[in-house]
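This report goes through the fold of one protein chain, from its overall make-up to selected contacts. The sequence and the model are shown first.

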Amino acid sequence: MSGSLIGVGDIPSYSGDLAELERLIGTLSRSAAAVEADSADTHHTFQAFGGSYATDHTEELLATTRSVRRGGEDLGEDGRGLVRLLTRYVQEMQAIDQRMRGLRDDVAALWQQVGIYEPEPEHLAASEEYAAQLRRLLEHAERTEGEVAVAVNALLPEPGGTPPPVGNRGAAALARQVADAAGPLLRGNPVQQAWVADMLDQHGDNQAFADTLADALGVEGLMQLGSSISPALLPLVSKVERGIGTVLATTTRVPAKLKDAHPDDPEFQEWLRTAEGRRWQDILDQTTAYGHRELARTPDPAGDPRETYYGYERIINHLEATNQPASAQYLYLLTDDMITAEATDPQKWRHAAYGEPGEIRSVDLLDRQLGMIAHNNPHAATLVMTDHFDYLMLQGEDEDGARPGPEYPLTPSNPERHGLTDALVAATTGRTPDADHEEARGVPTEVQRDIAVKVFDYYETRSHLLDPKGPHSYRTTQLGIISAEHIELVFDSYVLMESDQLDGREIRDDLPSTRRLIEQLAKDPEAAAAIDGASTGETARRIDAALSRPMEPEMNRENAVGRAVAPGARVAATMTASQADVAYDKTLDEENRKTRQKWAERTLNMLSDGATNSLPMGGTAAAKILDELNAGFFDPKNKENEVDANNERVEIIHNGRKRAEGSAIAAMEIALEEHGLDREGGAAMAFRDEIRETVEQNWDGETNK
């Protein structure tokens with residue numbers, strides 16, 4: 001029975017020399033600092049040299065020493081990281097070794113108590129406790145060594161100076177290590193958190209890494225991995241948030257040939273029946289299931305039970321943080337799921353978020369989703385707006401299927417529906433809302449044109465929404481971008497009744513009149529500038545086309561140039577007339593003048609009332625005189641102000657017309673030169689006269705309304 005007791009020989013001792021390891025760690029620490037200092041000294045020495053002696057190669061040399069300094073800094077930081085890791089390892093193993101020695105002493109004492117006799121029950125219980133302590137110590141040692149080994153592996157390059165594994169096998173192995181590291185112990189281990197953050201950030205866009213990690217943890221595990229990072233470590237939180245979003249976007253890719261397919265496309269549906277497609281569908285199902293889960297915003301059970309959020313909020317956070325575009329179908333189906341849920345339950349995705357005491361902000365999660373897909377993958381926005389335009393745009397209106405208005409009040413820090421605005425821009429331009437829209441990047445697709453027509457039609461019938469004080473005034477700049485992108489549609493809407501063909505293209509018969517929309521957009525400087533620039537470019541293109549194509553029998557080149565200039569002239573006239581009206585009203589209603597008039601009227605009214613009450617005989621007469629004086633006091637000033645306002649209006653219209661004529665003539669001269677024609681000959685003079693006449697006809701028709 002004595003064999004059932006734990007033996008002293010069963011308790012291992014640390015086989016390495018911890019004292020030697022400590023000495024080597026100290027050497028590494030000094031070496032890392034020396035390398036960093038030497039590289040910095042080298043850089044500074046050559047900087048001083050370059051300041052004294054300038055040669056043809058000085059700049060090249062100084063650039064080289066800068067990289068030496070940076071390399072030394074990186075190596076020094078890696079060395080310090082290794083020192084921290086190994087120091088922690090030594091401390092942990094020393095503590096474990098000390099406890100092992102104490103355990104061996106306890107076991108030896110137990111055997112002395114038993115001696116040659118059979119062990120008593122209390123001896124057996126003590127032996128079992130010692131065995132349990134041994135298991136815990138061994139598990140602690142194994143876990144510590146594993147964590148340190150993974151972290152050191154991430155810092156040390158492989159033989160040959162290559163970085164940590166980046167091939168498919170190496171990336172998959174790293175993903176399995178990250179999955180193994182995920183768990184409740186991660187939050188309490190800053191070193192491990194830093195390594196996980198680096199791995200996600202460095203390898204999230206590797207397909208093997210992303211697929212392996214997503215399969216190992218699932219969508220919920222990925223989300224929980226993000227929440228395992230200590231909120232106090234802000235740089236790590238940012239890395240992990242971006243890394244998980246990148247993993248999610250990478251693992252939901254689709255084959256390149258299906259990149260632009262609608263999810264209902266038969267070829268896409270056929271792909272979903274493959275093994276790869278079934279896995280993709282499974283990730284999507286996991287995402288939507290997690291998205292509908294309502295989570296407590298704080299783990300404190302005594303916290304406000306209303307402070308909850310949906311899983312979709314965390315998913316959006318991750319996908320907003322990454323620069324890796326997810327597949328359009330994945331983003332579309334997530335958004336479609338949110339729309340379906342909200343249409344079924346109007347309060348879905350709308351709940352209170354509590355800020356300062358007494359402050360309630362509307363949380364429109366679907367709007368955040370629209371903004372996210374607009375920036376992550378514009379094609380997803382195109383798919384969503386194609387299928388759900390009416391539901392998303394008709395918020396607060398009486399039409400069937402309109403999206404419900406917000407339940408909670410909005411604050412200036414929480415402006416209404418900027419995500420939808422970004423989605424409109426992305427859906428109609430094919431570019432992210434913050435892309436450089438001054439550079440042409442291809443002709444819009446027919447689908448994008450269809451959405452633009454819907455946008456124009458929507459605001460043509462609701463142009464009051466875009467008034468400077470209207471509820472949608474914040475959209476005017478973005479709508480100017482859309483109008484500039486689809487300037488051909490804007491032009492075509494102006495010539496719809498004049499011709500059934502333009503430049504060989506049939507004009508759409510479903511185009512809305514965009515006049516009232518352009519009038520409102522002209523009041524916004526950024527929108528007006530975008531439309532004006534696009535209009536000038538489109539007019540130049542049409543002039544060039546008019547000079548290069550064969551003429552119809554009944555048309556001469558002068559008429560062709562006039563027809564090319566007419567739409568741009570009419571758009572410019574509409575915008576200029578709107579801007580002139582704004583300037584006229586602003587001058588007429590100048591605030592200082594209105595304030596002076598108001599107080600002067602109040603003073604005279606006070607005197608009139610005083611005369612009526614204080615003068616027994618002549619009070620009425622005096623009051624009448626004061627009232628007449630009050631009525632006529634500002635008449636001359638008002639008339640003078642009206643003349644000034646009208647003069648400013650006329651000047652704006654005149655300058656606008658000259659600018660329209662000048663830009664069209666300049667475009668015509670460039671086209672003549674490109675076609676090898678004389679810029680000063682009789683034909684050129686005839687073209688100039690035609691342009692001036694066309695601008696005058698269209699200008700007067702628009703500006704005199």
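The sections below treat the overall make-up, the nonpolar cores, the aromatic pairs, the helix packing and a few single residues.

## Overall make-up

The model is a predicted one. The protein holds 24 helices and six strands. Of its 705 residues, 44% are buried. Contacts between residues at least 6 apart in sequence are joined in 72% of cases by residues at least 24 apart.

## Nonpolar cores

In soluble globular proteins, nonpolar side chains tend to be buried together. In this model, the largest nonpolar core has 106 residues. The members that touch the most other members are Leu200, Phe209, Leu213, Tyr330, Met385, Leu392 and Tyr459. For Leu200, leaving aside residues up to four places away in sequence, the residues touched are Phe209, Leu213, Leu225, Val240, Gly243, Ile244 and Val247. There is also a second, separate core of 24 residues, and Ala564, Ala580, Ala660 and Ala667 are among them.

Ala197 is placed in helix H5, which covers residues 190-203. The relative accessible area of Ala197 is 0%, so this residue is buried. With residues up to four places away in sequence not counted, Ala197 touches Leu236, Lys239 and Val240. The C-alpha atoms of Ala197 and Ile244 are separated by 9.3 Å, and the two residues are 47 residues apart along the chain. Val240 thus appears in the contacts of Leu200 and in those of Ala197.

## Aromatic pairs

Five aromatic pairs are found in a search of the whole structure. One of them joins Phe268 and Trp280 in an edge-to-face arrangement, with 5.5 Å centre to centre and 85° between the planes. This pair links distant parts of the chain, since Phe268 is in helix H8 (residues 266-272) and Trp280 is in helix H9 (residues 275-291), 12 residues apart. Phe268 and Trp280 are buried.

Trp280 also forms an edge-to-face pair with Tyr330, at 6.4 Å centre to centre and 75° between the planes. Trp280 lies in helix H9 and Tyr330 in helix H11 (residues 328-344), so this pair ties together parts 50 residues apart in sequence. Trp280 and Tyr330 are both buried. Ring pairs link Phe268, Trp271, Trp280 and Tyr330 into a cluster. Tyr330 is also one of the residues that touch the most other members of the largest nonpolar core.

## Helix packing

Three helix pairs are listed here with their axis geometry.

| Helix pair | Angle | Axis separation |
|---|---|---|
| H12 (residues 365-376) and H14 (residues 418-429) | about 30° | 7 Å |
| H12 and H13 (residues 378-393) | about 145° | 8 Å |
| H17 (residues 487-494) and H19 (residues 525-548) | roughly 75° | within 10 Å |

H12 and H14 are therefore roughly parallel to each other, and their crossing is left-handed. On the H12 side, Asp367, Leu370, Gly371, Ala374 and His375 take part, and they meet His418, Gly419, Leu420, Asp422, Ala423 and Ala426 in H14.

The crossing of H12 and H13 is also left-handed. The contact is made by Leu366, Leu370, Ile373, Ala374 and Asn376 of H12 with Pro378, Ala380, Ala381, Val384, Tyr391 and Leu392 of H13. Leu370 and Ala374 of H12 therefore figure in the contact with H14 and in the contact with H13. Leu392 of H13 is in addition among the residues touching the most other members of the largest nonpolar core.

For H17 and H19, the axes cross at roughly 75°, which makes H17 roughly perpendicular to H19. Ile487, Glu488, Phe491 and Asp492 in H17 meet Ile531, Ala534, Ser535, Glu538, Thr539, Arg541 and Arg542 in H19.

## Enclosed helix and a buried methionine

Helix H10 (residues 311-321) has 11 residues, of which eight are buried, so H10 is largely enclosed by the rest of the structure. Its buried residues are Gly311, Tyr312, Glu313, Arg314, Ile315, Ile316, His318 and Leu319.

Met93 lies in helix H2, which covers residues 58-114. Met93 counts as buried because its relative accessibility is 6%, and the cut-off for buried is under 20%. The C-alpha atoms of Met93 and His140 are separated by 9.3 Å, with the two residues 47 residues apart along the chain.

Key:
Residues are numbered from 1 along each chain as its sequence is written. This is a predicted model: local features need pLDDT of at least 70, side-chain atom pairs count only at pLDDT 80 or more; totals for chains, interfaces and linings use all residues. Side-chain values use heavy atoms; hydrogens and water are left out. A nonpolar core is a set of buried Ala, Val, Leu, Ile, Met, Phe, Trp, Tyr and Cys residues joined through side-chain atoms within 4.5 Å. Buried means under 20% relative accessible area, exposed over 50%, partly exposed in between (1.4 Å probe, protein chains only). Contact means heavy atoms within 4.5 Å. Rings of Phe, Tyr and Trp (its six-membered ring) pair if their centres lie within 6.5 Å; planes under 30 degrees apart count as stacked, over 60 as edge-to-face and the rest as tilted. Helices (H or I, at least four residues) and strands (E, at least two) are DSSP runs, numbered from the N terminus. Axes are lines fitted to C-alpha atoms, for helices over the stretch in contact, and angles run from 0 to 180 degrees between N-to-C directions. Angles under 35 degrees count as roughly parallel, over 145 as roughly antiparallel, 65 to 115 as roughly perpendicular and the rest as oblique. A crossing is left-handed if the near helix is turned anticlockwise from the far one by less than a right angle, and right-handed if clockwise.
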